Amino acid sequence: MRVLAPLLVLLATWLVLSGHFYWWLVAAGIGSTALVVYLAWRLRILGEGPFPLSLPRFSLGYCPWLAWQVARASLDVAYRVWHPKLPIQPRLVRLDHDLKTTAGLATWANSITLTPGTVTVEAGPDEVLVHALTESGEDELRSGGMLDRVGRLENDTASERS
């Protein structure tokens, strides 16, 4: 089961993202996903402990919320770019965090970077350095909504392990 589940998940993801179902392309997908799972098994990184974040909560709760944040920020950045006066106020912002895992920190830092108008420049054990395009982008980050959601993912995972 430790090999079959990742193989099926990777293959399904590959098929959905590919969108082409020619026999030779599907065969290449099966071969490449089988190779990846085999290499992960040989490196002994397959099935080692649980996923570092709560996977159901991540995929069903956090990802749709993040997609909404990305859409909102995209509209805001597009408005500012097309505005005749280009109302931007670029700034570097240091944000403290209390995330416990590298997966949590990577998720938060990548989420910031995925959101248009903000880029994580540096991520450390206690704080991140972010370039924000606007004051409202900084305020949104300082409100802590994204950080709180990632923190809850870590806490849910910790309680699942107990």
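Is Tyr-22 buried or exposed? Select Tyr-22 and have a look: the answer falls in the middle, because its relative accessible area is 49%, so Tyr-22 counts as partly exposed. Keep in mind as you click around that this is a predicted model.

**Stop 1: the whole chain**

Zoom out and colour by secondary structure. You should find 6 helices and 3 strands. Follow the chain along its sequence and the order reads α-α-α-β-α-β-β-α-α. Now switch on the surface: the accessible area is about 10,700 Å², and carbon and sulfur atoms account for 65% of that. Of the chain's 162 residues, 30% count as buried. If you like contact maps, take the contacts between residues at least 6 apart in sequence: 69% of them join residues at least 24 apart.

**Stop 2: the aromatic pairs**

A search of the whole structure turns up 3 aromatic pairs. Go back to Tyr-22 and add Trp-24 to the selection. These two rings are stacked, with 5.9 Å from centre to centre and 5 degrees between the planes.

Next, select Tyr-38 and Trp-41. Here the ring centres are 6.1 Å apart and the planes meet at 40 degrees, so this pair is tilted. Both residues sit in helix H2, which covers residues 23–42, and being 3 residues apart puts about one helical turn between them. Tyr-38 is partly exposed at 44% relative accessible area, and Trp-41 is partly exposed too, at 48%.

**Stop 3: a nonpolar patch on the surface**

Leave Tyr-38 and Trp-41 selected and add Val-3, Leu-35 and Leu-39. Together these residues form a nonpolar surface patch with about 510 Å² of accessible area. Val-3 comes from the segment before helix H1 (4–18). What is the relative accessibility of Val-3? The value is 39%, so Val-3 counts as partly exposed.

**Stop 4: a salt bridge inside helix H3**

Time for some charges. Side chains of opposite charge can pair when their charged atoms come close. In this model the count comes to 5 salt bridges.

Start with Arg-80 and Asp-76, whose side chains meet in a salt bridge at 3.0 Å, N to O. Both belong to helix H3 (residues 55–82), and they are 4 residues apart, about one turn of the helix. Check the surface around each partner: Arg-80 counts as buried at 14% relative accessibility, while Asp-76 is partly exposed at 28%.

**Stop 5: a charged network**

Now select Glu-138 and Arg-91. Their side chains form a salt bridge of 2.9 Å, N to O. Why is this pair worth showing with the cartoon switched on? Glu-138 lies in helix H5 (residues 135–142) and Arg-91 in strand E1 (residues 91–96), so the bridge ties together parts that are 47 residues apart in sequence. Glu-138 counts as buried, with 14% relative accessibility, whereas Arg-91 counts as partly exposed, at 23%.

Add Arg-142 to the view. Arg-142 also forms a salt bridge with Glu-138, and the closest N and O atoms are 3.0 Å apart. This bridge stays within helix H5, where the two residues are 4 apart, or about one helical turn. Arg-142 counts as partly exposed, at 47% relative accessibility. Put the pieces together and you have one network of Arg-91, Glu-138 and Arg-142, joined by salt bridges that share partners.

**Stop 6: the nonpolar core**

Hide the surface and turn to the inside. The largest nonpolar core has 17 residues, and Tyr-62, Leu-95, Trp-108 and Met-146 are the ones with the most contacts inside it. Which elements each supply at least two residues of this core? They are H3, E1, helix H4 (102–114), strand E3 (127–132) and helix H6 (145–161). H6 gives the largest share, 4 residues.

Finish by centring on Leu-95. Leaving aside residues up to four places away in sequence, Leu-95 touches Trp-108, Asp-126, Glu-127, Val-128, Val-130, Leu-141 and Arg-142. Two of those names have come up on this tour already: Trp-108 is among the core residues with the most contacts, and Arg-142 belongs to the salt-bridge network.

Terms used. Residues numbered from 1 in each chain as written. Predicted model: local features only at pLDDT ≥ 70, side-chain atom pairs only at ≥ 80, totals over all residues. Heavy atoms only, no water. Buried < 20%, exposed > 50% of the residue type's maximum accessible area, 1.4 Å probe, protein only. Contact = heavy atoms within 4.5 Å. Areas by Shrake-Rupley, 256 points an atom, 1.4 Å probe, with all protein chains shown as cover. Phe/Tyr/Trp six-rings, centres within 6.5 Å; stacked < 30°, edge-to-face > 60°. Patch = residues over 30% accessible without salt bridge, like charges linked within 9 Å, V, L, I, M, F, W, Y side chains within 5 Å. Salt bridge = Lys/Arg side-chain N within 4 Å of Asp/Glu carboxyl O. Core = buried A, V, L, I, M, F, W, Y, C linked by side-chain atoms within 4.5 Å.
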